[in-house]
Amino acid sequence: MILYFTGTGNSRFVAEALADQLDDDTVNILPYIKENKAGTFTSDKPYVFVFPIYLSAIPVVVKDFIRRSHFNGNEKCYFFATCKAAMGITPNEASSIIKKTLTDKKYMGSVKINMPQNYIYMFTMTPREEYEKLYSGALEAVKHCAESIRNGQPLEGKPVNVFEYGITKPVEKMYNAWGTGTKKFSASDACVSCGLCEKNCPMNSIVIENGKPKWIKKCIHCMACVNNCPKQAIECGKSAGKERYVCKKYEKQN
């Protein structure tokens, strides 16, 4: 079973590609996250978790979902991180989740899948002409990893050195505490009150008031509201003038 969380589609693309290769099912965990509920799953095949990386870490909402849910059946767990930069401390965190939460599971490794940049709040976005190259590279990586999963082998993800771990862990804590506010989010008059931003927000941080979105609490900066807005009406941080990014739909391979 392949469970994924996505803001702009990168992790869904990888999850669906894996499902195609492994003849497996995908589960979008966004509804569980939005409703803050646990899931109970049963799978004869290994569990594969696919998620974006936020400041070199697994999104806190994904970790919370895993900790409160139950995964019956197959004992093996794999982790796929989609990101543009370094994967950071993901292997350490994934292994820790297995040891502390999924005590009946066997950690089979983590791997990073390079995808286009989507953190429009802060970074320069990936040029559109590079998308297809990254998608092709992701598909090749997925194909290679799927072979390992089929054979019951661990993933050969790049290990994280002590220096990188020492830098990213405290920064992650500060980022989650102070760097994910919503004061810089706003909606222009281009907004058509479609409500897509409210629907996609995993933290339920958005409500529609007087026809426009209003951010009522902290978020995790998944950028779903900004990048998925059909009218590009939402701005945040340094997003002004930047092209929005939404991952293309995965097409089943022959």
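S205 has a relative accessibility of 0% and therefore counts as buried. The model discussed here is a predicted one. In this model, S205 belongs to the loop that joins α7 (196-200) to β9 (206-209). Its side chain makes a polar contact with the backbone oxygen of K218, at 2.6 Å. Beyond the four nearest places in sequence on either side, the contacts of S205 are K214, W215, I216, K217, K218 and C219. K218 thus appears both as a polar partner of the S205 side chain and in the list of contacting residues.

**Two further buried residues**

C83 is located in strand β6. With a relative accessible area of 10%, under the 20% limit, C83 is classed as buried. Setting aside neighbours up to four places away, C83 contacts I53, K112, I113, N114 and M115. Between the C-alpha atoms of C83 and R68 there is a separation of 25 Å, the two residues being 15 apart along the chain.

P59 occupies the loop between β4 and α3 (60-68). Its relative accessibility is 2%, so P59 also counts as buried. Outside its neighbours within four places in sequence, P59 is in contact with F51, P52 and Y54. The C-alpha atom of P59 is 19 Å from that of F71, a residue 12 positions away along the chain.

The relative accessibilities of the three residues are set out below.

| Residue | Location | Relative accessibility |
|---|---|---|
| S205 | loop between α7 and β9 | 0% |
| C83 | strand β6 | 10% |
| P59 | loop between β4 and α3 | 2% |

**Polar contacts of N228**

N228 lies in helix α8, which spans residues 224-228. Two backbone oxygens are polar partners of its side chain: that of G7 is reached at 3.0 Å, and that of A224 lies 2.9 Å from a polar atom of the side chain. When neighbours within four places in sequence are left aside, the residues in contact with N228 are G7, T8, L196, N200 and V246. G7 is therefore a contact of N228 within the 4.5 Å cut-off as well as a polar partner through its backbone oxygen.

**Nonpolar cores**

The largest nonpolar core comprises 46 residues, and the members that touch the most others are V14, L18, V50, F80 and F185. Two or more residues of this core come from each of β1 (2-4), α1 (10-22), β4 (47-52), β6 (76-83), β7 (106-114), α5 (131-150) and α8. A separate core has 31 residues, including I33, Y54, V62 and I97.

V14 illustrates the packing in the largest core. Residues up to four places away in sequence not being counted, V14 touches V50, F80, T82, I113, M115 and V142. Two of these partners, V50 and F80, are themselves named among the core members that touch the most others. I113 and M115, both touched by V14, are also in contact with C83.

**The largest pocket**

What space is left in the largest pocket? Its volume is about 410 Å³. The lining consists of 26 residues, and those nearest the centre are I53, Y54, L55, Q117 and Y119. α1 and β6 are the elements that contribute two or more residues to this lining. In terms of class, 14 lining residues are nonpolar, 11 are polar and one is charged.

Several residues described above recur here. I53, one of the residues nearest the pocket centre, is a contact of C83. Y54, also among those nearest the centre, contacts P59 and belongs to the core of 31 residues.

Terms used: Residues numbered from 1 in each chain as written. Predicted model: local features only at pLDDT ≥ 70, side-chain atom pairs only at ≥ 80, totals over all residues. Heavy atoms only, no water. Helix = DSSP H or I, 4+ residues; strand = E, 2+ residues; numbered from the N terminus. Polar contact = N/O pair within 3.5 Å; in protein donor to acceptor, adjacent residues only side chain to side chain. Core = buried A, V, L, I, M, F, W, Y, C linked by side-chain atoms within 4.5 Å. Buried < 20%, exposed > 50% of the residue type's maximum accessible area, 1.4 Å probe, protein only. 1 Å grid on protein atoms, 1.4 Å probe; cavity = no way out; pocket = protein on both sides within 12 Å on 5 of 7 lines; lining within 4 Å. Points joined across faces, edges and corners; volume = space filled by probe spheres on them. Nonpolar A, V, L, I, M, F, W, Y, C, P; charged D, E, K, R; others polar.
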